[in-house]
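Please walk me through this structure, beginning with the whole chain and ending with one of its strands.

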Amino acid sequence: MLILATILCLIYLAVFIRHRFKSMPPGTDYQSIVYNVWPGDVRFIYDLRYEDEKGSLVFEESIHPEMFALIQSAQDKVLADMFLYNTDHGRNAQEPDHRPNSTSLTDLLCTKADQGLDVMLITDEINCFYRSYASPILNRLESHQVKTVITDLDRLRDPNPLYSTWYRMFLSWLPGFGKGLIPHPFGHPQRTITLSALFRSLNFKANHRKVLVVDSHTAVVTSANPHDPSSLHSNIAIIIKGAPAREAEYAEHAVAAFSGFPALGSAKKSAGRPVAAQGNTAGECESRYQIQLLTEKKIKDRLIREIQDSFRGDLIMVGMLYLTHRQIIRELKEAAGRKVEVRIILDSSEHAFGMKKYGIPNRHAALDLAVDPCFGDNLNVRWYKTNGEQFHSKLVAVKRAESFVLMAGSANLTSRNLDNYNLELDLWIKTRPDSTLSRDVEGYFDRIWFNKGGKYTLDYDAAKDESRIKYLLYRFQEASGMCTY
């Protein structure tokens, strides 16, 4: 028995180390070179849902209409990588204002494939609940010869070691086929899932990217999912043209390649590694924006450097669905200690697809940011005032006397998003503080921070939760990976 126990412990340790620290798939945890691009080749857009001054709900929508227009204009190829891509409403009865974004995107991709364009869709296993059932949308895409790739999540590291090692040893061998008998965890009344899929879902990892590339020349990097119940969320997006768009294509081909898509080598090779565009004169280079594409942990590395390089008189603006990463929280507090003004807008963790939440994690993570009196007015937190939807943006901007830096895309500021567990993709953009992009981003942030023309945000005290039990639960979840954020 002692020998058997020793062997079992050694196997457990080997499995734990292997899947916790294994190498990332080729082409992930990636950073491109820094490109110089013309200001006209970069645009910042957003969706906002809010109460106007009369108390009526308003939804300003830009992201999906722009994406659909780009796809309609495609002449050669379309590549999309979308995390949530389905029409399932689950417990949330469909609101009259919900947009059929999944159906609209599917119609466009099928039409372009029928016209002979090269069309690829990369997505996550959650859209067929870890292969419990066939997705009608994905089946339709395949019937129109759209290259449909479901990301191979087994290639990613395990973020949930308390569970994942036991799953790998004892549960992963369960067959994933057959009729599901378990009610759908999201409350979908017409779908059931298999026991194998339920166990697989508890491994809590995902391809969380939201990227569109059209004709290898124009890309949209966004926080928005083409998911009908998500269609009223507040989100942000950056539209870029030129070499950085080809970098996004290169990063997405890497995901398709490690997910076993056939004949991907030639597609990946054709994406290439373009050379940075250079201005002819020093003044010409100075007038351009600097752009770098970042994925996975490279996002965190760059963000920490930007926060650490901020000093008295600088302004850090954060608009985020989730902010729980302990190192990021510590860096923001230290920046406030250096007299940097830090403004943070968070979702209040109150709603998720029609279901009531209990403030975890943001209301308790914010306790470490908003209750320390030593920061005075240098560190402030506000809550976005949601109405059943989410403040789903993922944006950090740093304004300095001589520069303005924007980081935005799919990544929340959590361990799962920033420590090489989920697949994520962000853009880093550096420009002058008086550029069009910096004015657009700062105008967006000031609008919702100061409630200009509507009711967007609430004071910290309006939604704070100082429950120590919930705080300890959040800290345990963040440290152990036993959570979906």
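The protein contains 16 helices and 22 strands. The model is a predicted one. Along its principal axes, the C-alpha trace covers about 65 × 60 × 50 Å. The radius of gyration is 22 Å, and because a compact globule of 485 residues would have a value near 23 Å, the protein agrees with that expectation.

Of the 485 residues, 59% are buried. The surface that the protein exposes amounts to about 19,600 Å², and 55% of this area comes from carbon and sulfur atoms. Contacts can also be sorted by separation along the chain. Among those between residues at least 6 apart in sequence, 79% link residues that are at least 24 apart.

Strand 14 serves as a local example. This strand takes in residues 341-347, and 6 of its 7 residues are buried, so by the cut-off used they each have under 20% relative accessible area.

Which strands pair with strand 14? One partner is strand 13, residues 315-320, which runs parallel to strand 14 and is joined to it by 6 bridges. Within this pairing, Leu315 lies opposite Glu341 of strand 14. Between the two strands the chain passes through helix 11, residues 326-337, and the resulting β-α-β crossover is right-handed.

Strand 17, residues 379-384, is another partner: it pairs with strand 14 in the parallel sense, again over 6 bridges. Here Val342 has Leu379 of strand 17 as its bridge partner. Strand 14 thus has parallel pairings with strand 13 and with strand 17.

As a general point, side chains in a regular strand alternate between the two faces of the sheet.

Methods:
Residues are numbered from 1 along each chain as its sequence is written. This is a predicted model: local features need pLDDT of at least 70, side-chain atom pairs count only at pLDDT 80 or more; totals for chains, interfaces and linings use all residues. Side-chain values use heavy atoms; hydrogens and water are left out. Buried means under 20% relative accessible area, exposed over 50%, partly exposed in between (1.4 Å probe, protein chains only). Helices (H or I, at least four residues) and strands (E, at least two) are DSSP runs, numbered from the N terminus. Two strands pair if DSSP finds at least two bridges between them. A crossover is right-handed if, with the strands pointing away from the viewer, the path from the first strand over the helix to the second runs clockwise. The radius of gyration is taken over C-alpha atoms; the globule rule is 2.2 Å times the number of residues to the power 0.38. Contact means heavy atoms within 4.5 Å. Accessible areas come from the Shrake-Rupley method with a 1.4 Å probe; for residues, only the protein chains shown count as cover.
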